[in-house]
Amino acid sequence: MPYSEEERAFIEWYPRGYGVGFKVKERLFETQTKYQRLELYETEGFGKLLVLDGTVQLVEVGEESYHEVLVHPVMLAHPNPKRVLIIGGGDGGTLREVLRYESVEKATMVEIDEMVVEVSRIYLGIDRGAFDDPRAELIIGDGVKYLKETEERFDVIIVDSTDPVGPAKLLFSEDFYRSAYEKLNERGLYITQAGSVYLFTNELLDAYKAMKKVFDRVYYFSFPVIGYASPWSFLVGVKGDLDFREVDVSRAPEKLYYYDPERHETLFQMPKYVRELLEKE
Ligand code: AG3
């Protein structure tokens, strides 16, 4: 069992018996939504813990280690991001970081599970008001379908999904990357979380391979995320003549805790064997 009443602990079990766990004070909430099992805990030392289908989505203390890294590198590699699309991200952390840019005129978030948004707004509040920002548009729906059908075009597309196994698998397919590429403006950036470097290496390689077939250039990087089996991997697809290795430091929001735009180049570190595997693709 991932949650043990006796041990007062929640553990996420990854493949091959690798666990990431938190001591918990209490289980605050538990429900089966239309799409997944949602749990919320109060941990001993990291604030609230949000779990979907047994996988850690975030812990309150340190959630910025994921949200800053998912958002700011692409936002600063694009010269003037006005229209941003977020797929997933129901807790609102990604939306919050996107809206820190004045250049953003509209940020559309497409989340399939309304319950994730509701529970996050009521119990977590990490959106810090982002859902009430007049520039934010929340669509409850299927991101795959939305991206295929929308007439809108975006400067940046951010995929803040669950793991590349199960229902979110479609978000890591060549087909999906093609619709994303199509819906980016002439110059645009796409970023997705791509799982644990050590424990989902094959999924990372598959996603990288599929992205390379579609985007003009593809970059990979990794970052230690609190609450996940780190390092965690991220993939970036570029359309047009943008260089993801270059960021405009002058536009960086004040008070970043994890992502260091002045040291952008340090993002690109990967364990050697993984880099070699990726380069073979
Ligand atoms: N998005 C999910 C990242 C995947 C975590 N995977 C895992 N623990 N096995 C996070 C949502 C935060 N906005």
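**Group meeting: a walk through the model**

Okay, let's start with a list of names: Gln57, Leu58, Gly62, Glu63, Ser65, Tyr66, His67, Val225, Ile226 and Tyr228 are the residues that line the largest cavity. Before I go on, keep in mind that this is a predicted model. That cavity has a volume of about 40 Å³, and the structure holds 1 cavity of 30 Å³ or more. Who supplies the lining? β6 and α1 each put in at least two residues, and α1 has the largest share, with 3 residues.

Now the open space. The largest pocket comes out at about 680 Å³. There are 37 residues lining this pocket, and the closest to its centre are Gln36, Leu52, Ser161, Thr162 and Ala168. If you go by elements, β2 (9-14), β6, α1 (64-77), β7, β8 and α4 give two or more residues each to the pocket lining. Which of them gives the most? That's β6, with 4 residues.

Hang on to Ala168 for a second, since it also touches Asp163. Where does Asp163 sit? You'll find Asp163 in the loop between β10 and α5. Buried or exposed? Asp163 is buried, at 11% relative accessible area, and the cut-off for buried is under 20%. Leaving aside residues up to four places away in sequence, the contacts of Asp163 are Thr55, Ala168, Phe172, Gln193, Phe200 and Trp232. Take Gln193 from that list: Asp163 and Gln193 are 30 residues apart in sequence, yet their C-alpha atoms are 8.2 Å apart in space.

Next, the sheet. What order do the strands come in? We have 7 strands in an open sheet, and reading across you get β9-β8-β7-β10-β11-β13-β12, with mixed pairing. β9 and β12 (217-223) are at the edges with a single partner strand each, so each of them has one side without a neighbour in the sheet. Ignoring direction, neighbouring strands here are turned by 15 degrees against each other on average. At the β9 end, β8 and β9 pair in the parallel sense over 5 bridges. If you want one bridge to click on, try Ala107, whose partner in β9 is Ala136.

On to the helices, with α5 up first. Lying across β7, β10, β11 and β13 (232-239), α5 runs at about 145 degrees to β11. This helix spans residues 174-183, and its buried residues include Phe176, Tyr177, Ser179, Ala180 and Lys183. Why do these count as being on the same side of α5? Because they cover an arc of only 160 degrees around the axis. And what covers them? Among the elements doing that are β7 (83-88), α4 (143-149), β10 (154-160), β11 (184-196) and α6 (201-214).

Last one, α3, residues 114-124. In α3 the buried residues are Val116, Val117, Val119, Ser120 and Leu124. They pack against a run of strands: β3 (18-32), β4 (37-43), β5 (48-52), β6 (55-59), β8 (106-111) and β9 (136-140). So β6 turns up again here, after showing up in the lining of the pocket and of the cavity. And right after α3 comes Gly125, which takes a positive phi of about 70 degrees.

That's the tour. Happy to take questions.

Terms used: Residues are numbered from 1 along each chain as its sequence is written. This is a predicted model: local features need pLDDT of at least 70, side-chain atom pairs count only at pLDDT 80 or more; totals for chains, interfaces and linings use all residues. Side-chain values use heavy atoms; hydrogens and water are left out. Buried means under 20% relative accessible area, exposed over 50%, partly exposed in between (1.4 Å probe, protein chains only). The arc is that of the directions from the helix axis to the C-beta atoms. Contact means heavy atoms within 4.5 Å. Two strands pair if DSSP finds at least two bridges between them. Axes are lines fitted to C-alpha atoms, for helices over the stretch in contact, and angles run from 0 to 180 degrees between N-to-C directions. On a 1 Å grid over the protein atoms alone, a cavity is a set of points where a 1.4 Å probe fits but cannot get out, and a pocket is an open set with protein on both sides within 12 Å along at least five of seven lines; lining residues have an atom within 4 Å of a point. Grid points are joined across faces, edges and corners, and a volume is the space filled by probe spheres set on the points.
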